[in-house]
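The exercises below ask for features that can be checked against the coordinates and the sequence. Please work through each task before reading its solution.

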Amino acid sequence: MAVLASGLTACTGRHSNTDVPAEVTMSKEVLLDKIKGGWAGQTIGCTYGGPTEFNYRGIMIADSIPINWPDHYIKHYYENNPWLYDDIYMDLTFVDIFDRLGLDAPVDSFALAFANAEYSLWHGNQAARYNILYKGIMPPESGHWRNSPHADDIDFQIEADFAGLMSPGMPQTASEISDKIGHILAYGDGWYGGVYVANMYALAFVSDDINYIVTEALKSIPEQSLYNKVISDVISWCRQYPDDWKQTWSEVEKHYDNDKWCPEGVYAPLNIDATVNSAYIVIGLLYGQGDFFKTIDISTRCGQDSDCNPASAAGILGTMMGYSNIPEHWMKNLREVEDMNFAYTDISLNKTYSMSMDQALQLIERNGGKIGGNEVSIKTQNVEPVRFEQSFPGLYPVEQVVHNDNTISDIGTIEFEGTGIAVNGEVRSADQSYVAEIEAYLDGKLVESFKMPAAFHDRRLDIFWTYELPKGKHTLEFKWLNPADGVSISCPNHIIYSDQPATRQHQ
């Protein structure tokens, strides 16, 4: 039997016997059951929220809108929409590197594996892929905010599950892994999203109190960060409104639903920021009160990235309760696919369970634990804050300038006043082998020469961005060096930044 910390229901703010023992002993069967529960929960939560992903931006999914769970549902997605599980097969890229190259595999191995993988990527992941493949920028700089407008996006939050699942009862180890892998594609609050999720997973092995897991794991995030403030406020609102998750959701929208960095999300309903989407995970966990359905349903109904958020919430809860305790209502669909490989991999859930178990046992021994016969003794770790870092310090979006259907050839010189700019756009070409070559001139000086591939796999997400400019008036011009028939480069808008918030918001 595992010796676990236990406590009262979520949102009470009170615990009983929640201090995790210095050493926790459990059978290998229990450890494996929890690892399997984490992966199973993630797969189930992702499937449940799949049809709603980003269909509800800035609005919750009303109770009157049904979210279905028919028989054979997961198998249906495996066979007809396998890319739904991008947050899982991205995890598995990293799990596979650990499996093949060992616990000390160099970070470049992880970076090159995901950058060259066949699957499509978005936001922070795609920005990092482009940096690695086309700019030669390797981690940790590949995820740094100066090199990616998407550094605070959700990407590492949805891919950090593996770090917690291989670090049972060892949150500091989960943070170390998150530091190594997370900075491939994120920085600041974007990195913190993954650190926090990984710490919750690690604690879920040694505590059966969701409230404790949520609050204790937050100690991994520096108090001065925006991320810590957002999650701390969610916990406080949960205590203030213990029976009304929708009121807590409304408080999050009122105070924090304002994506400042992803150029697609600024002045738009889209919010792919890690802070807000992590808030939705926490709302599901706290108000779900250990009930599997309530947890994933609430996280889903919060909206925005409404497949990845319930996936993380269900994965954490699944780790806490164990595979064998997930209700049959969910498991009968999961069992149908456990021997089927995820898209772009030769890895099934059953293989994943085994790989994660092996990695967890290695880390337990490496960190002072013991494995004897059928028993595992984990030398538990306290949660410790990681270092403080902040993306885009002192920068605020102050204006969006819309170009409608204009292309890069139409817009001419962009004149702006501020300290930074991000220009949205993409290459449109039937010839997917085409690669645009562009020069950017800021205040009359060449500041960057870059390529924009037409291929979706290799694309540059944003035409151009630069921050930390001297405050004042600036000009920006582009020279397209190799225009071709049938090719255009759209430029729908650009975002202007300054060192003070705008006095009014432009919509």
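Two strands pair if DSSP finds at least two bridges between them, where helices (H or I, at least four residues) and strands (E, at least two) are DSSP runs, numbered from the N terminus. The structure is a predicted model, in which local features need pLDDT of at least 70 and side-chain atom pairs count only at pLDDT 80 or more, while totals for chains, interfaces and linings use all residues. Residues are numbered from 1 along each chain as its sequence is written, and side-chain values use heavy atoms, with hydrogens and water left out.

**Exercise 1. The sheet of E1, E2 and E3**

Work out the strand order of the open sheet of three strands, and find which strands stand at its edges.

Solution. Begin with the pairings: E2 and strand E3 (residues 375-379) are antiparallel and share three bridges, whereas five bridges join E1 to E3, again in the antiparallel sense. Val376 of E3 is the bridge partner of Ile371, and Val376 is also the bridge partner of Met26. The order that follows is E1-E3-E2. Strand E1 (23-27) and strand E2 (370-372) are therefore the edges, each having a single partner strand, so that one side of each has no neighbour in the sheet. From one strand to the next, the twist averages 15 degrees. Angles here run from 0 to 180 degrees between N-to-C directions, with axes being lines fitted to C-alpha atoms, for helices over the stretch in contact.

The connection between E2 and E3 is a hairpin with two residues between the strands, and Gly373 in that turn has a positive phi of about 60 degrees.

**Exercise 2. Helices on the sheet**

Determine which strands helix H1 and helix H17 touch or lie across, and at what angles they run.

Solution. Contact means heavy atoms within 4.5 Å. Helix H1 (residues 28-49) packs on the sheet and touches E1, E2 and E3, with a direction at about 95 degrees to that of E1. Helix H17 (residues 349-366) lies across E2 and E3, and runs at about 55 degrees to E3.

**Exercise 3. A charged residue in H1**

Decide whether Asp33 is buried or exposed, and find the nearest side chain of opposite charge.

Solution. Three definitions are needed. Buried means under 20% relative accessible area, exposed over 50%, and partly exposed in between (1.4 Å probe, protein chains only). Lys and Arg count as positive and Asp and Glu as negative, while His and the chain ends are not counted. A salt bridge is a side-chain nitrogen of Lys or Arg within 4 Å of a carboxyl oxygen of Asp or Glu.

Asp33 lies in helix H1 and is buried, yet it has no salt bridge, the nearest side chain of opposite charge being that of Lys36, 5.8 Å away. Leaving aside neighbours within four places in sequence, Asp33 is in contact with Gly322, Tyr323 and Ser324. Gly322 is located in the loop between helix H15 (308-321) and helix H16 (328-335), and is buried with a relative accessible area of 0%. With the same exclusion of neighbours within four places, the contacts of Gly322 are Asp33, Lys34 and Gly37.

**Exercise 4. Cysteines**

Count the disulfides, a disulfide being a pair of cysteine sulfur atoms within 2.5 Å.

Solution. The count is zero. Cys262 is in no disulfide, as the nearest cysteine sulfur, that of Cys308, is 14 Å away; Cys262 is buried at 0% relative accessibility. Cys302 is likewise in no disulfide, the nearest cysteine sulfur being that of Cys238 at 11 Å, and Cys302 is buried with a relative accessible area of 1%.

**Exercise 5. Backbone exceptions**

Locate the loops that hold His72, Tyr267 and Pro140, and describe the backbone at each.

Solution. Most residues other than glycine have a negative phi, and most peptide bonds are trans. His72 has a positive phi, near 65 degrees; this residue is in the loop between H1 and helix H2 (73-80), and is partly exposed with a relative accessible area of 47%. Tyr267 has a positive phi near 60 degrees, is placed in the loop between helix H12 (245-256) and helix H13 (274-288), and counts as buried at 12% relative accessibility. A cis peptide bond joins Pro139 and Pro140, with omega about 5 degrees, and Pro140 belongs to the loop between helix H5 (123-135) and H6.
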